[in-house]
Amino acid sequence: TDDAPLKKKVFRRRIKTVIQNIITLASKMVKHARQVSLKFGNHSPWFKTFKQIYISFST
């Protein structure tokens, strides 16, 4: 899939750049009812990518 928001077309993506983008993703950790979750901004362009990575590692 090609859903990573990039500024220009690239031939390949470096894992370092992808990890940097995920680390700097605007989010906050919320603790409620003994559960911890991440809350993302409404207009985060990297949310789809983060969600796919999370699902692929959690299954």
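This report describes the fold, the surface and two contrasting residues of one predicted model.

**Overall layout**

The secondary structure consists of two helices and two strands. Along the sequence these elements follow the pattern α-β-β-α. Helix α1 covers residues 15-23, while β2 spans 35-40 and α2 spans 47-58.

The chain has 59 residues, and buried residues make up 10% of them. Its accessible surface comes to about 5900 Å², and carbon and sulfur atoms account for 57% of that area. Of the contacts between residues at least 6 apart in sequence, 34% join residues at least 24 apart.

**Two residues compared**

The table sets out the place and accessibility of Ile15 and Trp46.

| Residue | Place | Relative accessible area | Class |
|---|---|---|---|
| Ile15 | helix α1 (residues 15-23) | 62% | exposed |
| Trp46 | loop between β2 (35-40) and α2 (47-58) | 14% | buried |

Ile15 counts as exposed because its relative accessible area of 62% is over the cut-off of 50%. Trp46 counts as buried because its value of 14% is under 20%.

**Surface patch on the first helix**

Which residues make the nonpolar surface patch? Ile15, Ile19 and Ile23 form this patch, with an area of about 330 Å². Ile15, one of these residues, lies in helix α1.

**A pair apart in sequence**

Trp46, in the loop between β2 and α2, can also be placed relative to Asn21. The two residues are 25 apart in sequence, and their C-alpha atoms are 7.7 Å apart in space.

Note on methods
Residues numbered from 1 in each chain as written. Predicted model: local features only at pLDDT ≥ 70, side-chain atom pairs only at ≥ 80, totals over all residues. Heavy atoms only, no water. Patch = residues over 30% accessible without salt bridge, like charges linked within 9 Å, V, L, I, M, F, W, Y side chains within 5 Å. Areas by Shrake-Rupley, 256 points an atom, 1.4 Å probe, with all protein chains shown as cover. Salt bridge = Lys/Arg side-chain N within 4 Å of Asp/Glu carboxyl O. Helix = DSSP H or I, 4+ residues; strand = E, 2+ residues; numbered from the N terminus. Buried < 20%, exposed > 50% of the residue type's maximum accessible area, 1.4 Å probe, protein only. Contact = heavy atoms within 4.5 Å.
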